[in-house]
Amino acid sequence: MTFDIDMIKKVYGHLSAKVAEARKMLGRPMTLTEKILYAHLTDKLPSTSYKRGADYVDFQPDRVGMQDATAQMALLQFMQAGRPKVAVPSTVHCDHLIQADAGAKKDLETAINKNKEVYDFLASVSNKYGIGFWKPGAGIIHQVILENYAFPGGMMIGTDSHTPNAGGLGMIAIGVGGADACDVMAGLPWELKFPQLVGVKLTGKLNGWTSAKDVILKVAGILTVKGGTDRIVEYFGPGADSISCTGKGTICNMGAEIGATTSIFCYDKKMSDYLKGTDRADLAAEADKVAEHLRGDKEAYDDPKKYFDEVIEIDLSTLEPHVNGPYTPDLAWPISKFAQAVKDNGWPAELEVGLIGSCTNSSYEDIGRASSLAKYAAEHGLKAKSEYTVTPGSEQVRYTVDRDGYLQWFEKIGGVVLANACGPCIGQWARHTANPEKKNSIITSFNRNFAKRNDGNANTHAFVASPEIVTALALAGTLTFNPLVDSLTNAKGESIKLPEPVGEELPAKGFEVKDRGYQEPAKDGSGVKVLVAADSQRLQLLDPFAAWEGIDLKGLKLLIKAKGKCTTDHISMAGPWLKYRGHLDNISNNMLIGATNSFNGKTDNVKNELDGKYDSVPKVQRAYKAAHIGSIVVGDENYGEGSSREHAAMEPRFLGVRAILVKSFARIHETNLKKQGMLALTFANKADYDKVQEDDSIDIIGLTSFKPGVPLTIVLNHADGSKDEFKVNQSYNANQIEWFKAGGALNIIRAQVKA
């Protein structure tokens with residue numbers, strides 16, 4: 001059964017005409033990305049093509065997806081919008097609040113009891129506003145969306161940076177903040193800078209130990225964590241068509257780690273087979289009717305340099321398995337060079353934990369290939385020398401792999417099957433260790449490996465690889481093991497060489513599940529009460545942010561000058577803080593506690609200019625707020641890299657930070673700041689970063705004539721009486737300037753409803 005099939009038929013019904021019109025306007029063949037983008041314009045076609053990487057464009061997405069941690073704030077905002085029901089199909093997925101500890105059954109029971117008021121709120125608000133609700137244990141949002149909602153040629157946004165996973169089914173799927181989701185659910189256009197295009201031509205075919213995961217690990221090494229910013233990555237070529245649908249999803253999912261707006265593959269037989277295998281033969285039949293428009297034009301792929309801004313070519317037949325890390329997902333090592341890299345860099349060679357699964361690699365195929373290794377190991381007297389965990393992607397996958405006998409082999413080598421949830425991937429991990437600050441190594445098949453990401457320990461060296469490589473290294477207990485050439489020794493002293501992993505893309509007997517964990521919303525939610533207790537420490541109804549005063553901002557205090565990598569994890573940590581995702585005041589106590597103060601090299605330690613003492617970042621900012629003094633945060637390159645979490649923008653806004661000034665922004669975070677009425681500014685000359693002093697009083701000049709494309713002026717009033725003055729850039733368009741003036745985009749929506 002296909003959800004929202006009538007909506008999909010409507011999209012396909014207009015697709016041919018819209019693509020033909022766009023091709024005529026452009027006067028040339030089109031890529032798949034262009035076909036989908038131009039087919040989802042809110043307004044009529046422009047007279048000439050949009051300028052890639054420059055023009056802001058309004059789109060009309062087909063659906064919205066939200067995970068429970070971000071859905072709380074997104075829906076608290078939507079409640080303020082004054083709409084009786086969501087304007088597009090939307091879903092909530094409870095996957096982030098389940099902590100991995102003892103195993104699936106116990107961990108799920110604990111989470112349901114511990115998070116009852118949050119789940120009750122999400123279930124009730126979903127029921128009221130016409131939103132599909134997936135209960136805790138149903139699965140990880142991206143796997144569930146791929147199995148149930150993603151469709152070729154569609155466009156969706158999701159409040160999670162790994163929403164691009166749906167690109168594995170040929171969908172433009174983009175991670176956003178909750179305010180963007182609120183706009184679309186309210187029926188408003190969604191704005192995006194028209195992206196540049198990166199084409200990745202895949203030739204050959206994956207073989208042996210190499211998997212789809214290795215494609216994106218290789219691409220991450222080429223493009224780095226910034227290389228995809230404001231760009232969409234489109235995969236094509238005979239190699240692309242040979243990769244399974246879920247393998248394509250893996251590649252698109254981890255495209256978030258190169259900062260890409262999204263990634264996408266063309267519709268092909270693998271996608272058709274997956275649709276049929278997940279009980280959506282009706283959708284496959286509809287997609288087949290418009291298949292020519294669900295791929296880029298042949299000319300675009302025959303001569304890609306004419307149609308893409310950058311082209312990368314990878315031969316899958318010669319691609320090696322990769323291991324990326326530590327501390328950043330773009331430090332890429334072919335397996336043949338990884339052991340030496342471990343030795344040369346002094347990384348802990350002993351592997352303490354291997355973890356497979358997560359939204360990135362938890363499909364039937366992934367678990368099957370890893371299980372084939374576990375089976376061989378168990379039959380030959382081997383057990384994992386490292387702690388080893390398995391996270392299925394959905395209840396449908398879990399039930400099916402259990403039915404087909406895969407899970408038993410993990411348990412026989414000492415593995416533990418965790419709940420169908422994000423768990424350790426997002427820091428929801430009660431790690432079993434006697435020393436939580438110990439220098440150590442872990443390896444995962446997850447997507448992200450920033451410091452403290454998985455277990456809160458800055459000394460944990462986290463590496464990323466395919467489930468197959470993770471399983472092999474966990475069996476060996478060391479990072480220096482190369483399963484392609486090395487052997488293991490069992491208890492009898494026998495030398496055991498692991499075979500190449502094998503696994504089926506889809507279950508031969510079909511998928512099966514007893515309880516998917518889905519709640520259909522009420523047809524009429526007008527009588528449904530949203531459950532939020534007045535004294536709750538987990539949930540807090542929102543008050544509107546104040547509008548801009550209409551003057552230049554002067555006398556701002558420098559809250560922190562952050563040095564080096566400052567991701568959304570540094571700005572608003574996950575892990576134990578996830579429980580406050582629906583309570584803006586409480587979660588604001590984690591604001592920037594992971595950022596490094598450039599003046600003393602410490603985290604969560606900044607100078608309070610009111611008394612000259614050093615204290616935690618949130619405490620100092622709360623002191624400024626109490627004194628009615630604004631502040632500014634200064635940052636380094638790619639500020640806000642990582643998650644889509646808008647809390648990283650809402651917390652400084654709530655506590656009175658007026659502007660973020662950095663060398664460069666990650667895309668989602670910059671948009672989130674703008675949505676909340678913040679000033680997101682970049683140094684025109686990056687060397688001016690060095691002029692900012694700890695005791696500065698800072699002015700922002702030019703706001704009274706705030707216009708698109710016109711730089712603003714920063715004045716640094718130093719403690720010794722001297723000054724520095726320089727220009728800073730801003731990327732606001734006319735609509736975004738109105739967001740700033742109104743105090744946030746939501747204030748404009750609210751005003752429109754009242755009007």
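By helix I mean a DSSP run of H or I that holds at least four residues, with numbering from the N terminus. With that in place, we may start at the end of one such run: helix 7 is followed by glycine 187, and the phi of this glycine is positive, near 90°. I should state at once that the model we are examining is a predicted one.

Let me stay with helix 7 itself, which spans residues 178-185. How many of its eight residues are buried? Eight of the eight are, so helix 7 is largely enclosed by the rest of the structure. The buried set includes two aspartates, Asp180 and Asp183, together with Gly178, Ala179, Ala181, Cys182, Val184 and Met185.

Cys182 leads to the matter of disulfides. Over the whole structure, the search returns zero of them. Why does cysteine 182 form no such bond? The closest cysteine sulfur belongs to cysteine 94 and lies 19 Å from that of cysteine 182, which is too far for a bond, given that a disulfide requires the sulfur atoms to be within 2.5 Å. The relative accessible area of cysteine 182 is 1%, so the residue is buried. Cysteine 266 can be treated in the same manner. Its sulfur has that of cysteine 252 as the closest cysteine sulfur, at 11 Å, and this too is too far for a bond. Cysteine 266 is likewise buried, with 3% relative accessibility.

I turn now to helix packing, with two pairs. The first is helix 8, residues 212-223, against helix 10, residues 245-254. Their axes are 8 Å apart and the packing angle is about 25°, which means that helix 8 runs roughly parallel to helix 10. The crossing of these two helices is right-handed. On the side of helix 8, the contact is made by Ala212, Lys213, Val215, Ile216 and Leu217; on the side of helix 10, by Gly247, Thr250, Ile251 and Met254. By class, that contact comprises six nonpolar residues, two polar and one charged.

The second pair is helix 1, residues 5-26, and helix 2, residues 32-39. Here the axes come within 9 Å and cross at roughly 110°, so helix 1 is roughly perpendicular to helix 2. From helix 1, the residues in contact are Leu15, Lys18, Val19, Ala22, Arg23, Met25 and Leu26. Helix 2 supplies Lys35, Tyr38 and Ala39. This contact holds seven nonpolar residues, three charged and no polar.

Finally, some remarks on the backbone. As a rule, most residues other than glycine have a negative phi, and most peptide bonds are trans. Where does this model contain a cis peptide bond? One joins glycine 325 and proline 326, with omega about 5°. Proline 326 sits in the loop between strand 12 (322-324) and strand 13 (332-334).

Two residues that are not glycine carry a positive phi. Lysine 452 has a phi of about 70° and is located in the loop between strand 17 (440-444) and strand 18 (460-464). Leucine 592 has a phi near 60°, and its place is the loop between helix 20 (584-587) and strand 23 (606-607). Are these residues buried or exposed? Lysine 452 is partly exposed, because its relative accessible area is 34%, which lies between the limits of 20% and 50%. Leucine 592, at 2%, counts as buried.

Technical notes: Residues are numbered from 1 along each chain as its sequence is written. This is a predicted model: local features need pLDDT of at least 70, side-chain atom pairs count only at pLDDT 80 or more; totals for chains, interfaces and linings use all residues. Side-chain values use heavy atoms; hydrogens and water are left out. Buried means under 20% relative accessible area, exposed over 50%, partly exposed in between (1.4 Å probe, protein chains only). Axes are lines fitted to C-alpha atoms, for helices over the stretch in contact, and angles run from 0 to 180 degrees between N-to-C directions. Angles under 35 degrees count as roughly parallel, over 145 as roughly antiparallel, 65 to 115 as roughly perpendicular and the rest as oblique. A crossing is left-handed if the near helix is turned anticlockwise from the far one by less than a right angle, and right-handed if clockwise. Contact means heavy atoms within 4.5 Å. Ala, Val, Leu, Ile, Met, Phe, Trp, Tyr, Cys and Pro count as nonpolar, Asp, Glu, Lys and Arg as charged, and the others, Gly among them, as polar.
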